[in-house]
Each structure stands twice: as structure tokens, then as C-alpha cells.
Amino acid sequence: MLRTKILQFLPAVLLAVTGLGVAALGSSYQVGSLTAMGPGFMPVALGVCLVLLGIALFAGELRIAPKTELGFPLRPVLWVGGGILAWAMLIDVLGFFPASIVQLLFSSFALPQEGWRSVLILALGMTLAAYILFVTLLGVPVPAFGS
Amino acid sequence: MDALLNLGMGFQHALTPEALLICLFGVTLGTFVGVLPGIGALTTISLCLPLTFHLDPLLGMIMLAGIFYGGQYGSSITSILLNVAGSAPSAVTCLDGYQMTRQGRAGVALFVTTIASFIGGSFAIVLMIFFAPVLADVAVSFSAADYFSIMLLALVTASTLAVGSPLKGLCMVVLGLILGLVGTDINSGQFRYTFGIATLADGISLVALAMGLFGVGEILTNLVSGVLPQLENTRVTLRSMIPSRLDMKQFWMSCTRGTLLGSFVGMLPGTGPTIASFMAYALEKKIAKDPSRFGHGAIEGVTAPEAANNASVQAAFIPTMTLGIPGDAIMAVMIGGLLIHGITPGPQLINENPELFWGVVASFWIGNIMLLVLNLPLIGVWVKILSIPYKLLFPAVLLLISIGVYSVNNSSFDVLLTFVFGMFGFWFNRHGFPSAPLLLGFVLGPMLEENFRRALLLAEGNLGTFIEHRVSFAFLVITLLVMLAAVMTSKIFAFGNSKMESA
């Protein structure tokens, strides 16, 4: 129950806090006046807007009964997210092939798979195809292996 | 007659072998990704954006636009055969289109959809030919205050008329505007929100943001929603496409209504094909003699939304090309493509780059005719593509996203950003926050700030300047009306929901 309540209000609180942060940082740039706006004017104005919207959202949620929790689908999010993260981390260090194979393996496991063999073969095949398309044909400058 | 002469010049540029090939590539790719559930036109256009850096701007635009309207054709195939929306605008086509398939009338549904799409698209192109130059002439005299108010309307419309809570839409717009601030302020050179990261001095990469919010988001949504429905053994023959006389009678009127509605909606800043097709469906249901036919395979429920959505897609190019104000998220990405080439869309575009403007318009005709061929005789190919298992498809798309984002700036930091935006967007979507307004806010943000600053600088800080300029005043009034309408309808929806819950 408490968890559901927290989740219900979390977006509103998060937005208001973000707005506050944006406005605070923005005020460290030169704000200026209406006639001659500095680089800080819009940031502060937009930050304040977001705080107000967050408060309005919060007030709106108060009037709605908490919805039954959606539940967070951990499995697909972890594997899909992890795959992209792995590619971003590995590309500059190990190169195209290791990064791409790791990402494909990761994302394949977002859905139930029958076995390692088919997944591995698929990952190798797709990586090779992607390498030929992007690096060989389109000239994206990235080494196959290594940095 | 000027328009026709110019159009002729456009055809000269659009009929070169390269342009034809690029156009064919664009519409085929668009249909392909439109047919596939789980990868949309927006993701594909963002993926192809880096490719256009190496192309002539005209060829780049022909390709991106082809993907956009090709995608509309393709996604209706999926709606009709699978009851799955290939993309958001086709969601309403499922309602009656899939029912027609179940009644064994898939062929007729596909045929009328294609023809309606073609008519809707063609009408909007004619409108563009005659109306865009006029609008551009008027727009030359628009002041900074006017631009500010038009953009404000676009942002408010996009966020409040979207399906769901207007308040949540507004939050996303403001968040998008804030993300648009990141980078170097053009007036003072001040770094804003860069946190000492050198890459951020140029701002957040549009492709990274769009791919995270839409590419990764779409895939996660599909994975979470469970197993995708499998195609039943459907064979669509050319013979089965022939509509009956009664079908044709219902077809013409609904197609005309859909076309007019879609063209109008498409021209407004901030409204896209999704709103157009939903409105067209609602209109048909309202004026039908027997509304109970809808949802049970009514042919008007397929033709009107499809005509409307294709008309709006083409008409959306009018404000995009003449004012430089994108109507929806996809248009925002396309403007990004033009800006990279150093072309700023605006009233001067037609005069300064006539071959670009008229070449693109001419390519619309060519592309729509290609789509007619792709969709009618070659329908069997697309039905086959629908049987590619999603299990194989999505890892490949995710890899394409990583490589695509990386290739824009050769930056792994951008891929990291895609990860962050992907997770963030998915979580917010699950709480009912839409992504499209955020992207629109992101693209319009810098323009909005620039015009706001300039307007107030000229008026010496007097906020009344936004009311004193007539055009600006008119748009502010419309903005207010839109907000009012959004509040009213959301109240009605809220009331309806609470009644349902208590019942």
C-alpha cells in the first residue's frame, strides 16, 4: 500500500525537484532583465514552471485513489538497458565485434530463449552483417577489435 | 501559374535517376518499418539521419519524407491483418479494418486503404503547392513576437490534445524545453547545464534523445505487453481486393471527409496524424446513419482515418517548410536534418532554395505513386514480412540503435545518453507521460528562447508586445481556447472514469 502510494506521487515529486534544481543552477548564470535577458533567464523561468506543474500534478494525484500498481517489468528492462549500456562501455575499449556481440546476447535474453547455441549463432551473424553495412559500406570509423 | 512552373522545375530535380532511387528506397523502407510492429517511422528517420549528412540536402529530405509517408501506408497493413497498430495513427484502423479481415474482406480493406491514402496524400500535396508559397509570403513579415506565439500554440496543442492528461503533457513539454537549453548559449557563449562534459557544449544529440525515447521505448513497451499476435493464414489475392458497388459508394464520401479534415489538422502547428485519424473516425461515427456498424467492419471506419492520416502527414510539411515550426515529433527530427545541412526552414526557404522545396513536393507525388504499386500488386511481400518473429527482430533493432546513435558524432557518450533517456522515457510512459511533446519541446526550445528574447528586446521589456502584434494576439487567443478545450474534455473524461469505477 505504502509502496503504491510512493510510486503514485514519485513522478510529481521528481519533476518538482528537477525544476528546483534547474532554477537554482540557472540563477548562477546571469539572469538579466526582461529588456536584456541573460543566459539565466529562460532556465530560471522554465525551472519555476516545472516546479509549479509538479505541484499541480501532486495536488491532482491527491484527489485520485491510488491505482493498482503496474509493476515494473524488470527482466526486459534490465536486459535491453544492460545491452545498450554494455555497447556504450565496450565500443571504445574492445571495438565493434565484442561490443555488438555482447549487446545482442544481452538483448536476446529479454525474451525467453530456447538455447544458447541459436542465440550465439544469431549474434555472430547479425554482428557481421552490421559490420559490413556500417563500417565497410557506410564508413563509420570504428575498429573491428581493440581501441 | 507560377506554382505550376515551379512544380515543373521541381520534377526536373525529383526525376533524376538518383532522386528516383532514393525516393524508392525511402518509401520501401518506410513501408517495411511501418509493417513491422515495434519499430516506427520516427525511429527509422532518426537512424537514417546520419546517412543524410553525406547526401545532397534535397536527396536527404526526399528519403526522410519517403520513410515518413511510406510508414503510414505500411502500418495500416499491420492494423488490418494483425489488429496491431504498426504506428500510433493506425490504431483506429484496427477497429474496423481487422473486423473486415475476420469477415474475409481483408483484400477490400487493403485496397480501399491504399486508395484512400493516395487520395488524402495527393490532395494535401496540391494544397501545399498553392498554399505554401502564399503562407511564406505572409510569414516574411512575421515578427519575433508572432513566431513566439505560434510556437507556443504548437507546444500547447501537442501536449494537451494528445491522448491522456493535459497536465502530464505540459510537464513533458517543459522538460523538453529544459533539455533544449543544454549547451552553449548562442548570445553570451555561456555553457548551460554541461556539468563539465565537453560533448554537451554542443547540446544534447537529437538522435540520442529520439532513439532513447522512441526506439528503446517502443521495444520495451512491446516486450512488456507480452506475446505479439501471430498472423493467421491469410492470403490476399488481387481478385479479393475488388470492392463491391456499395463499398465504393460508402468509400467516396468518407474519403472526401477524411481528406479535408486531415489536411486541415495537418496544417495546424502541434497536431499530427494521430489526432487527425482519431478525429476522422469520431466524425464518421457521429454522422453515420447507423453508428452501430462501427467496430464491426464498417468500411468508412477504415477509409476516413486513413485518408485523414495521409493528408495530415503531407499537409504537415506546410508549416514545417514555410515557418520552420514542426507540427509533431517526426517533423521536428526532419527539421534537425535540414539544420545540419545549414538550411534553416522558414519563409525564405522557398525563395532561397527553390529546388529543395519544389523538388521535395514533386517527390511526394512520385513517392505516392510508387507506394500505390508497392501496396497493391506487391501486397504478398508485406504479408510475408509480417511473419518475421519479433524474437529475432528486436535485438537487431537495438544494435542498429547503438550504432546509429554512435555514428552521428562518433561518440559513445551519446549511446550512454540513449540508455538514460530510454530508461527514463519508458518509466515516465508507464506513468502516463507522453514522449512526443518532450521531443517537440526540445527542438523548439532554442527557437522559442531566441524569439522571446528578440521580441522583448525590440519592445524594451514590454510584455504587451505579444498582444499588440495582431498575428501574435490571434495565436495567443487560439492557444487559450485549446487549453480551455483540453481542460473541459479532460474533466468530462475524468467524470466518465469515476462513473465507470463506481459502477
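## A first look at a predicted two-chain model

B:Asn410 sits in the loop that links α18 (390-409) to α19 of chain B. Helices here are DSSP runs of H or I with at least four residues, strands are runs of E with at least two, and both are numbered from the N terminus. B:Asn410 is not a glycine, yet it has a positive phi of about 50°. In general, most residues other than glycine have a negative phi.

What you're looking at is a predicted model, in which local features need pLDDT of at least 70, side-chain atom pairs count only at pLDDT 80 or more, and totals for chains, interfaces and linings use all residues. Residues are numbered from 1 along each chain as its sequence is written, chains are lettered from A and ligands numbered from 1 in the order in which they are written, and side-chain values use heavy atoms, with hydrogens and water left out.

B:Tyr193 makes a nice companion to B:Asn410. B:Tyr193 also has a positive phi of about 50° although it isn't a glycine, and its loop runs between β2 (191-192) and α9 (206-224) of chain B.

**How confident is the model?**

The yardstick is pLDDT, the predictor's confidence in each residue, from 0 to 100. Chain A has a mean of 87, with 94% of its residues at 70 or more. Within chain A, α1(A) has the lowest confidence, with a mean of 87, while helix α4 (residues 96-108) has the highest, at 93. Chain B averages 85, and 94% of the residues score at least 70. Residues 494-503 of chain B are below 50, and beyond near neighbours in sequence this stretch has zero contacts in the model. A contact means heavy atoms within 4.5 Å. Where pLDDT is low, the predicted coordinates shouldn't be read in detail.

**Around chain A**

Chain A is assigned domain 1 (2-63) and domain 2 (74-137); such bounds come from an automatic or database domain assignment. Taken over C-alpha atoms, the centres of these two domains of chain A are 38 Å apart.

Helix α1 (residues 2-26) of chain A has 25 residues and reaches 35 Å from its first C-alpha to its last, close to the 36 Å expected at 1.5 Å a residue. The expected span is 1.5 Å times one less than the number of residues. There's a kink of about 40° at A:Leu10, shortly before the proline A:Pro11. That bend is the angle between axes fitted to the seven residues ending there and the seven starting there. Among the buried residues of α1(A) are A:Phe9, A:Pro11, A:Leu15 and A:Val22. What covers the buried residues of this helix? The cover includes α2 (41-63) of chain A, along with α8 (166-181) and α19 (412-430) of chain B.

Farther along, A:Tyr131 belongs to helix α5 (residues 116-137) of chain A. Not counting residues up to four places away in sequence, A:Tyr131 touches A:Phe96, A:Phe97, A:Thr136 and A:Ala144.

**Around chain B**

Helix α11 (residues 273-287) of chain B has 15 residues, which should span 21 Å at 1.5 Å a residue, and its end C-alpha atoms are indeed 21 Å apart. B:Ile275, B:Ala280 and B:Tyr281 are among the buried residues of α11(B). The buried residues of α11(B) pack against α4 (57-82), α5 (91-102), α10 (245-267) and α12 (300-315) of chain B.

Helix α6 (residues 106-139) of chain B holds B:Thr113, and B:Ala136 is in α6 as well. Leaving aside neighbours within four places in sequence, B:Thr113 is in contact with B:Ser76, B:Ile80, B:Val302 and B:Glu306. On the same basis, B:Ala136 is in contact with B:Thr322, B:Pro347 and B:Ile350.

**Who's buried, who isn't**

Buried means under 20% relative accessible area, exposed means over 50%, and partly exposed is in between (1.4 Å probe, protein chains only).

| Residue | Relative accessible area and class |
|---|---|
| B:Thr113 | 2%, buried |
| B:Ala136 | 3%, buried |
| B:Cys48 | 6%, buried |
| B:Tyr193 | 7%, buried |
| A:Cys49 | 36%, partly exposed |
| B:Asn410 | 37%, partly exposed |

**And the cysteines?**

A disulfide is counted when a pair of cysteine sulfur atoms lies within 2.5 Å. How many disulfides are there over all chains? The count is zero. The sulfur of A:Cys49 has its closest cysteine sulfur in B:Cys171, 10 Å away, which is too far for a bond. For B:Cys48 the closest cysteine sulfur is in B:Cys23, at 14 Å, so that pair is too far apart for a bond.
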